[in-house]
Amino acid sequence: MSRAVRPATRDDVWAIHQTARESWHAAYDEILGADRVDEVVDDWYAIGDLESSIDGASERADVAFLVAESADDGARTRSTDDRADRIGEFDRECAGFAHAVPWPEDPAVGYLARLYVTPEIWGEGTGTQLLTRLEADLGDAFDRLRLAVLAANDVGIAFYESAGFERVATRENDLAAGLEEYVYERPIASADGER
């Protein structure tokens, strides 16, 4: 299914936060535990930090923060649990999002800091659409795209490998003792689709 992919705005922050929470629980509950996942999402996807990241992307040619809209782009309502009360209703639904910044040690490399899609639509092409748009937006800034994914995240690893990323390193991750992550990289496609 094709989805509209556009730059994120501050109006998207709560939907991005919720998409991150749903995706992290689906991917990492068995690895980290649900309570630890909630802690990480609340820390890494704090509303003020998301707003700053979105603002930074709108101000720089070497940063992108994208949102894939839901198919109907309608209002999203949640059940009345306590988390939903904090989130409320969203102006737009976020089917997925991607955020890339320069790799600190190498200005020719873009770092895919975040790419998450609502679990109900995994495998439907939304992640690929986000990557394609990201490369189009950042192709002049970088020649390669790099990312890190937990070694136990089979869904994420399968997605990145199917998208042409190759593992270039293994390193420790500080989310839990003994946890490893893989570093993946691929060239950014040129305007004609060549890598």
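Two exercises with worked solutions follow, one on the sheet and one on the largest pocket.

The model is predicted, so local features need pLDDT of at least 70 and side-chain atom pairs count only at pLDDT 80 or more, while totals for chains, interfaces and linings use all residues. Residues are numbered from 1 along each chain as its sequence is written, and side-chain values use heavy atoms, without hydrogens and water.

**Exercise 1.** Determine the strand order of the open seven-stranded sheet and identify the strands at its edges.

*Solution.* Take strands as DSSP runs of E with at least two residues, and helices as runs of H or I with at least four, numbered from the N terminus; two strands pair if DSSP finds at least two bridges between them. The order is then E1-E2-E3-E4-E5-E7-E6, with mixed pairing. Strand E1 (5-7) and strand E6 (166-172) each have a single partner strand, so they stand at the edges with one side lacking a neighbour in the sheet. Within the sheet, E2 (residues 64-69) and E3 (residues 94-103) pair in the antiparallel sense over six bridges, and Ala64 has Ala100 in E3 as its bridge partner.

**Exercise 2.** State the volume of the largest pocket and work out which element gives the most to its lining.

*Solution.* A pocket is an open set of points on a 1 Å grid over the protein atoms alone, with protein on both sides within 12 Å along at least five of seven lines, and lining residues have an atom within 4 Å of a point. The volume, the space filled by probe spheres (1.4 Å probe) set on the points, is about 750 Å³. Among the 35 lining residues, Tyr28, Leu115, Tyr116, Asn153 and Tyr160 are the closest to the centre. E4 gives the most, with seven residues.
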